[in-house]
Amino acid sequence: MKEVVILNKEFKVGILGATGIVGQQYIALLQNHPWFRITFLAASKKSSGQLYGELIKQRGHFLELNEELNQMTIFDVMDIERAKENCDFVFSALSGDQTKEIEQLYAKNGFGVVSNTSAHRKDPLVPLLIPEINASHLDIIPEQQKAYGWEKGFIVVKSNCSIQSFILPLFLLEKAFGVE
């Protein structure tokens with residue numbers, strides 16, 4: 001039987017791409033989570049400086065936010081120094097041509113990057129993580145850090161939502177009955 005680990009620490013996290021639909025989903029899932037406290041929101045330069053709650057309402061989105069997030073200022077995603085002051089690691093919901101470079105920049109600056117993007121899914125040194133199935137793939141992170149010259153930072157990605165929705169039942173069926 002596996003040992004259950006209870007976390008007694010609250011991690012300060014940032015959301016990259018916080019104003020997009022995926023970023024908003026991260027916020028919805030994490031804003032009242034017992035292990036994570038959202039302390040840094042980043043998006044494009046045009047969103048920088050605005051209050052998150054006001055921007056979301058202006059766009060016609062109706063994400064229910066706690067008061068802290070409602071009043072949180074959005075920073076430019078390239079403001080790495082501000083991120084360093086405010087969070088331990090980041091969840092990335094970025095999109096666009098610069099995603100790969102931005103995520104690597106965060107990793108280079110010591111951040112753990114949990115990415116929802118496809119930018120690194122084909123990199124053999126970046127674990128594509130489905131925690132219930134392949135948590136052991138995290139063991140490659142020291143090799144990733146060495147290859148990229150990152151002292152503390154790292155990148156992990158999640159599978160796309162289509163695969164994620166059916167792979168766990170298939171895994172459990174395989175485990176219980178074998179699948180040909």
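T19 is where I would like to begin, and this residue sits in the loop between β1 and α1, where helices (H or I, at least four residues) and strands (E, at least two) are DSSP runs numbered from the N terminus. Before going further, I should say that this is a predicted model, in which local features need pLDDT of at least 70 and side-chain atom pairs count only at pLDDT 80 or more, while totals for chains, interfaces and linings use all residues. Residues are numbered from 1 along each chain as its sequence is written, and side-chain values use heavy atoms, with hydrogens and water left out.

Is T19 buried or exposed? With a relative accessible area of 9%, T19 is buried, given that buried means under 20% relative accessible area, exposed over 50% and partly exposed in between, with a 1.4 Å probe and protein chains only. Leaving aside neighbours within four places in sequence, T19 is in contact (heavy atoms within 4.5 Å) with residues including Q24, A43, S47 and Y52.

From that loop we move into helix α1, in which G23, Q24, Y26, I27 and L30 are buried. These residues cover an arc of only 155° around the axis, which puts them on the same side of α1; the arc is that of the directions from the helix axis to the C-beta atoms. On the other side of α1, I21 and L29 are exposed. As for what the buried residues of α1 pack against, the partners are β1, β2, α2, α3 (67-70), β4 and β5 (112-115).

Several of those strands belong to an open sheet of seven strands with parallel pairing, in the order β3-β2-β1-β4-β5-β7-β6, where two strands pair if DSSP finds at least two bridges between them. Because β3 (74-76) and β6 (128-129) stand at the edges with a single partner strand each, one side of each is left without a neighbour in the sheet. At the β3 edge, strand β2 (residues 36-43) runs parallel to β3 and is joined to it by three bridges, and L41 stands opposite I74 in β3.

L41 also brings us to the nonpolar cores, a core being a set of buried Ala, Val, Leu, Ile, Met, Phe, Trp, Tyr and Cys residues joined through side-chain atoms within 4.5 Å. The largest of them has 20 residues, and those with the most contacts inside it are I15, I27, I38, L41, Y52 and F91. Two or more residues each come from β1 (11-16), α1 (21-30), β2, α2 (52-58) and β4 (89-92), and β2 gives the most, with four residues. Apart from this core lies another, of 19 residues, among them L16, V77, A107 and F111.

My last topic is the rings, and the structure holds nine aromatic pairs. Rings of Phe, Tyr and Trp (its six-membered ring) pair if their centres lie within 6.5 Å, and planes under 30 degrees apart count as stacked, over 60 as edge-to-face and the rest as tilted. The rings of Y26 and F91 have centres 5.1 Å apart and planes at 40°, so the pair is tilted. Since Y26 lies in helix α1 and F91 in strand β4, the pair ties together parts that are 65 residues apart in sequence, and both Y26 and F91 are buried. Y106 and F111 form a tilted pair as well, at 5.3 Å centre to centre and 55° between the planes. Y106 is buried, at a relative accessible area of 0%, and F111, at 2%, counts as buried. Finally, ring pairs link F11, Y26, F36, F89 and F91 into a cluster.
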